[in-house]
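Please open the model in the viewer and keep the selection tool at hand. The stops below are arranged so that each selection leads to the next.

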Amino acid sequence: LQAIKPTVGVYYRKYFNDYVGVRGHFRFMQLGYSDVYNKNEFERRRNLSFNTDLFELAAQGDFNFFRFEPGSQVYRFSPYLTLGLSAFHFNPYAYYQGKKYYLQPLHTEGQGTARFPERKPYSLFSYAYLIGGGVKYNLNRRLNLGLEILYRFTQTDYLDDVSTTYAGIDAFPTKSDGSATIAAILQDRSNVTGPPIGDRGRQRGNSRDKDQYATIELTLGILFTSYRCKF
């Protein structure tokens with residue numbers, strides 16, 4: 001909650017009855033965090049940070065707990081549950097001395113090197129399982145207002161470019177003048193908070209769990225069809 005960032009989106013929802021519907025939803029969002037917010041001593045010392053622009057395309061099923069009819073004076077409110085699956089693109093980056101660097105090409109955990117042949121460069125595309133809920137209220141026959149909380153269980157552990165262990169400073173060749181490359185600098189930023197901790201094999205992230213993220217969305221729905229009785 002210390003690093004809330006914006007998200008915007010557009011969706012199309014089709015209801016089969018007053019309780020069950022499906023929707024396609026496209027979102028653009030920004031995610032990011034920094035270890036400066038952490039109270040855990042190791043994470044604070046680690047001093048890593050990331051940001052990413054994320055593009056998400058989701059298919060969701062919505063299930064109303066109450067009967068819901070836009071325009072009705074009786075059935076105008078309902079809490080609901082939503083489940084779904086999304087595909088998304090991300091590309092984590094960090095700043096160093098005011099300059100922006102994309103992290104995946106830097107192979108900050110030694111991906112793709114001879115020292116770590118089992119570590120493959122991660123994909124910038126992944127998918128996630130979605131679960132969430134919300135409430136909605138019809139303002140009139142055409143407009144519905146909602147508030148939704150949606151949680152994602154992603155199938156990547158590199159949303160923040162952090163997953164396993166440090167590769168070690170000697171895994172990154174120096175420049176021709178003997179100075180450190182930007183990859184070597186960004187793979188271990190602990191020297192800012194004290195003596196470097198990025199020894200080869202030392203924990204850098206938590207590879208046991210995939211990354212997760214959530215959104216809180218205020219939604220406005222415009223009804224294209226009519227709920228008026230035909231008889």
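Begin by selecting strand 2 together with strand 3, residues 49-64; in this predicted model the two strands pair in the antiparallel sense over 15 bridges. Within this pairing, centre the view on glycine 24, whose bridge partner in strand 3 is alanine 59.

Keep glycine 24 selected and turn to strand 1. Tyrosine 12 has glycine 24 as its bridge partner in strand 2. Extending the selection to residues 7-15 and 20-34 displays strand 1 and strand 2 in full, running antiparallel and joined by nine bridges. The two strands form a hairpin, with four residues between them.

Return next to strand 3 and select glutamate 56, which is found in that strand. Is this residue buried or exposed? Glutamate 56 has a relative accessible area of 0%, and therefore counts as buried. Two side-chain contacts deserve display here. One is a polar contact of 2.9 Å between the side chains of glutamate 56 and arginine 152; another, at 3.3 Å, links the side chain of glutamate 56 to that of serine 86. To show the surroundings, add the residues that glutamate 56 touches beyond four places in sequence: His25, Phe26, Arg27, Met29, Ser86, Ala87, Phe88, Arg152 and Tyr213.

From arginine 152, proceed to threonine 215, which touches Arg152 and has its place in strand 9, residues 212-222. Threonine 215 counts as buried because its relative accessibility is 6%, below the 20% limit for that class. Apart from residues up to four places away in sequence, the residues in contact with threonine 215 are Thr7, Met29, Glu148, Ile149, Leu150 and Arg152. Met29 also appears among the residues touched by glutamate 56. Within strand 9's own stretch of sequence, select glutamate 217: its side chain and that of threonine 215 are joined by a polar contact of 3.0 Å. For a longer view, draw a distance from threonine 215 to asparagine 140; these residues lie 75 apart in sequence, and their C-alpha atoms are 26 Å apart in space.

Now switch on the pocket display and select Gly32, Tyr33, Phe50, Gln212 and Tyr213. Of the 38 residues that line the largest pocket, these lie nearest its centre. The volume of the largest pocket is about 1,200 Å³. Which elements should be coloured as contributors of at least two lining residues each? They are strand 2, helix 1 (41-46), strand 3 and strand 9. Strand 2 gives the most, with six residues. Colouring the lining of the largest pocket by residue class yields 16 nonpolar, 12 polar and 10 charged residues.

The last stop is the second largest pocket, which holds about 500 Å³ of space. The elements that give two or more residues to its lining are strand 1 and strand 9. Select Arg13, Tyr15, Ile222, Leu223 and Phe224, which lie nearest the centre among the 20 lining residues of the second largest pocket. Strand 1 provides the largest share of this lining, five residues. By class, the lining of the second largest pocket comprises 11 nonpolar, five polar and four charged residues.

How values were computed. Residues are numbered from 1 along each chain as its sequence is written. This is a predicted model: local features need pLDDT of at least 70, side-chain atom pairs count only at pLDDT 80 or more; totals for chains, interfaces and linings use all residues. Side-chain values use heavy atoms; hydrogens and water are left out. Two strands pair if DSSP finds at least two bridges between them. Buried means under 20% relative accessible area, exposed over 50%, partly exposed in between (1.4 Å probe, protein chains only). Contact means heavy atoms within 4.5 Å. A polar contact is a pair of N or O atoms within 3.5 Å; within protein, one must be able to donate a hydrogen and the other to accept it, and residues adjacent in sequence count only if both atoms are side-chain atoms. On a 1 Å grid over the protein atoms alone, a cavity is a set of points where a 1.4 Å probe fits but cannot get out, and a pocket is an open set with protein on both sides within 12 Å along at least five of seven lines; lining residues have an atom within 4 Å of a point. Grid points are joined across faces, edges and corners, and a volume is the space filled by probe spheres set on the points. Ala, Val, Leu, Ile, Met, Phe, Trp, Tyr, Cys and Pro count as nonpolar, Asp, Glu, Lys and Arg as charged, and the others, Gly among them, as polar.
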